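The following report examines selected side-chain interactions and strand arrangements. The sequence and the model are shown first.

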Amino acid sequence: MVFDVLYVKYLRKGIAMHLPRVQRALISVSDKSGLAEFARGLAATGVEIYSTGGTRKSLESEGIPVRDVSAYTGFPEMMDGRLKTLHPKVFGGLLCRHDNPEDMKALKEHGILTFELVVVNLYPFEATVAKPNVTPAEAIEKIDIGGPSLVRAAAKNHAFTTIATSAKQYPEILEQIKAHGATTRELREKLAAQAFAHTAGYDRAIAAYFAGQQAEEGFPGTIGMSYSRKAVLRYGENPHQKAALYADAKSAGTTLVSAVQLHGKELSYNNYLDLDSALEIVRSFAEPAVSVIKHNNPCGAAAAGTLAEALRKGLAGDPVSAFGSVLGMNRVVDAATAEVLAEPGLFVEAIAAPDFSPEALEILTTKPKWKANVRLMKVGDLGQARQPWAYRCIDGGLLVQGADVLPDPEAEWKVVTEAKPSESQMADLRFGWAIVRHVKSNAIVLCKDRMLLGTGAGQMSRVDSTEIAIKKAGDRAPGSVMASDAFFPFPDSIEKAAAAGVAAVIQPGGSVKDADAVAACNRFQLPMIFTGRRHFKH
């Protein structure tokens with residue numbers, strides 16, 4: 001057999017996992033972030049660097065010794081760079097098995113060098129097609145051919161070849177080469193898995209682009225999704241269910257998945273669901289707002305002049321249900337807000353907010369009885385939701401729809417009753433309409449002073465939801481407004497609301513019995529608005 005001297009040396013020491021020694025690196029990248037430092041470190045260890053085109057020129061401009069692949073293969077780059085690395089003298093050096101005598105004999109006979117390290121990232125296809133008015137010709141030129149081939153070859157032969165596809169991988173690779181002259185088998189296996197995921201995601205992006213060109217009413221012919229595991233959770237909705245969290249690499253907005261946990265136990269599956277719903281509510285408000293979520297429905301919510309005031313009002317909406325809830329806030333949590341949370345009798349599972357002031361962190365992690373357990377999630381600037389599509393798995397398939405994130409233009413609302421809402425009622429009607437879209441259907445909410453007083457969620461009958469919301473509001477119902485996520489099929493809900501003292505109603509309209517609903521409101525002198533848009537949430 002033909003072995004490298006270092007290979008034999010390490011075999012004698014019983015640590016053959018560090019083999020083979022990295023003698024040569026093939027580098028060809030579009031994204032040159034961190035490349036100069038990495039290549040300079042490789043060169044310092046004696047690694048010979050081979051490169052192509054723009055990458056070679058970039059390394060040369062940094063004073064890093066580099067050899068031209070074309071000079072090695074004896075075959076020039078051509079076709080505007082479309083053909084440069086696809087050559088047996090390149091791929092033979094990537095795919096050879098260093099412990100296979102026939103492979104090593106073939107290399108010697110044909111003058112093929114080994115490449116123990118490949119550093120490749122691909123043409124920026126996704127960034128290109130994301131630009132407005134990109135042409136098909138421009139998109140096609142960003143479909144990498146040689147790059148994915150190099151990545152796959154090196155990843156396939158990871159027993160002997162190290163593959164780097166991201167600048168984030170450079171430090172660990174360089175550290176091991178400096179320490180051992182080689183990388184460990186464990187690292188090569190990890191990098192190979194990441195490499196195959198990288199090329200798979202790249203191919204999915206290309207497939208999605210072409211499927212989009214054949215879309216029907218905006219829906220592509222096929223959907224490819226790529227998510228990376230971020231955490232394995234303790235369990236799912238129930239202890240007997242396994243669960244994990246996966247991150248969408250293409251997500252660019254501020255999300256719970258990208259949040260930084262500042263304190264507390266790890267989040268559970270249910271925590272993630274509830275906190276995501278909490279953030280979805282508060283991000284739609286311009287003024288300070290708080291949402292209180294229990295079992296994925298708001299049991300409290302409020303908007304006010306300060307976050308502390310909004311929190312106090314939100315918790316007062318349904319104090320019993322608020323115990324053990326999760327909170328969403330759209331402002332940095334300050335000391336005044338933290339002091340409200342530290343008051344006796346309150347227990348909170350988790351809080352998501354743009355950030356927490358140092359004073360608030362000190363209070364929340366030292367004062368309440370639950371201080372050691374509460375999860376504090378720093379989300380960053382919320383902005384508006386950016387997810388354009390909503391997905392639901394069903395047995396055997398996937399349902400896809402446009403996400404219900406569009407605002408409802410108030411200019412399209414219509415007052416359909418004889419009585420007109422007052423200015424203060426309009427403020428509450430706006431608030432109620434902003435909240436009810438986040439409640440499970442059939443959904444009814446009662447609100448007053450921009451505060452959620454009662455929620456009726458997920459009932460099979462709208463009148464049942466109305467009765468539950470009225471019961472939750474109790475003696476606070478008089479003077480409140482009622483919001484419904486869909487039309488009233490009968491006037492009975494309005495009659496019950498009027499009997500409880502509800503002062504105004506907002507709903508989409510659209511029922512064949514709308515006239516009966518309008519007549520009921522006129523009978524009780526209740527203003528009612530039709531928004532023209534339904535907000536079912538199943």
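Is Asp485 buried or exposed? Asp485 is buried, its relative accessible area being 0%. This value, like every other in the report, comes from a predicted model.

## The Arg462–Asp485 salt bridge

Asp485 takes part in a salt bridge with Arg462, with an N to O separation of 2.7 Å between the two side chains. Arg462 belongs to helix α18 (residues 462–473), whereas Asp485 is located in the loop between β19 (481–484) and α19 (492–499), so this pair ties together parts of the chain that are 23 residues apart in sequence.

The arginine partner is likewise assigned to the buried class: the relative accessibility of Arg462 is 7%. Because buried denotes a relative accessible area under 20%, the value of 0% places Asp485 in that class.

## Other salt bridges

In total, 20 salt bridges are present in the structure. One of them joins Arg533 to Asp408, whose closest N and O atoms are 2.8 Å apart. This pair links distant parts of the chain, 125 residues apart: Arg533 is in the segment after β21 (528–530), and Asp408 is in the loop between β15 (397–402) and β16 (414–415). The two partners fall into separate accessibility classes, for Asp408 is buried at 13% relative accessible area, while Arg533 is partly exposed at 29%.

A further salt bridge brings together the side chains of Glu172 and Lys190, with an N to O separation of 3.1 Å. Here both residues are helical: Glu172 lies in helix α10 (residues 170–180) and Lys190 in helix α11 (residues 185–213), so the contact ties together parts that are 18 residues apart in sequence. Glu172 is partly exposed, with 34% relative accessibility, and Lys190 is also partly exposed, with 37%. In addition, Arg24, Glu48 and Arg67 are connected through a network of salt bridges.

## Strand β20 and its neighbours

Strand β20 comprises residues 504–507. Ala504 and Ile506 point to one side of this strand and Val505 and Gln507 to the other, and all of these residues are buried.

On one side of the pairing pattern, β20 associates with β19 in the parallel sense over three bridges. Within this pairing, Met482 has Val505 of β20 as its bridge partner. The connection from β19 to β20 passes through α19, and the resulting β-α-β crossover is right-handed.

Strand β20 also pairs with β21, again in the parallel sense and over three bridges. Val505 stands opposite Met528 of β21. Thus Val505 has a partner in the pairing with β19 and another in β21. Together with helix α20 (residues 514–523), β20 and β21 form a right-handed β-α-β unit.

## The surroundings of Thr337

Which residues surround Thr337, apart from its neighbours within four places in sequence? Thr337 is in contact with Leu307, Ala308, Leu311 and Met329. Thr337 itself is part of helix α15 (residues 335–341), and its relative accessibility of 0% classes it as buried.

The side chain of Thr337 also makes a polar contact of 2.6 Å with the side chain of Asp334.

Technical notes: Residues are numbered from 1 along each chain as its sequence is written. This is a predicted model: local features need pLDDT of at least 70, side-chain atom pairs count only at pLDDT 80 or more; totals for chains, interfaces and linings use all residues. Side-chain values use heavy atoms; hydrogens and water are left out. A salt bridge is a side-chain nitrogen of Lys or Arg within 4 Å of a carboxyl oxygen of Asp or Glu. Helices (H or I, at least four residues) and strands (E, at least two) are DSSP runs, numbered from the N terminus. Buried means under 20% relative accessible area, exposed over 50%, partly exposed in between (1.4 Å probe, protein chains only). A polar contact is a pair of N or O atoms within 3.5 Å; within protein, one must be able to donate a hydrogen and the other to accept it, and residues adjacent in sequence count only if both atoms are side-chain atoms. Contact means heavy atoms within 4.5 Å. Two strands pair if DSSP finds at least two bridges between them. A crossover is right-handed if, with the strands pointing away from the viewer, the path from the first strand over the helix to the second runs clockwise.
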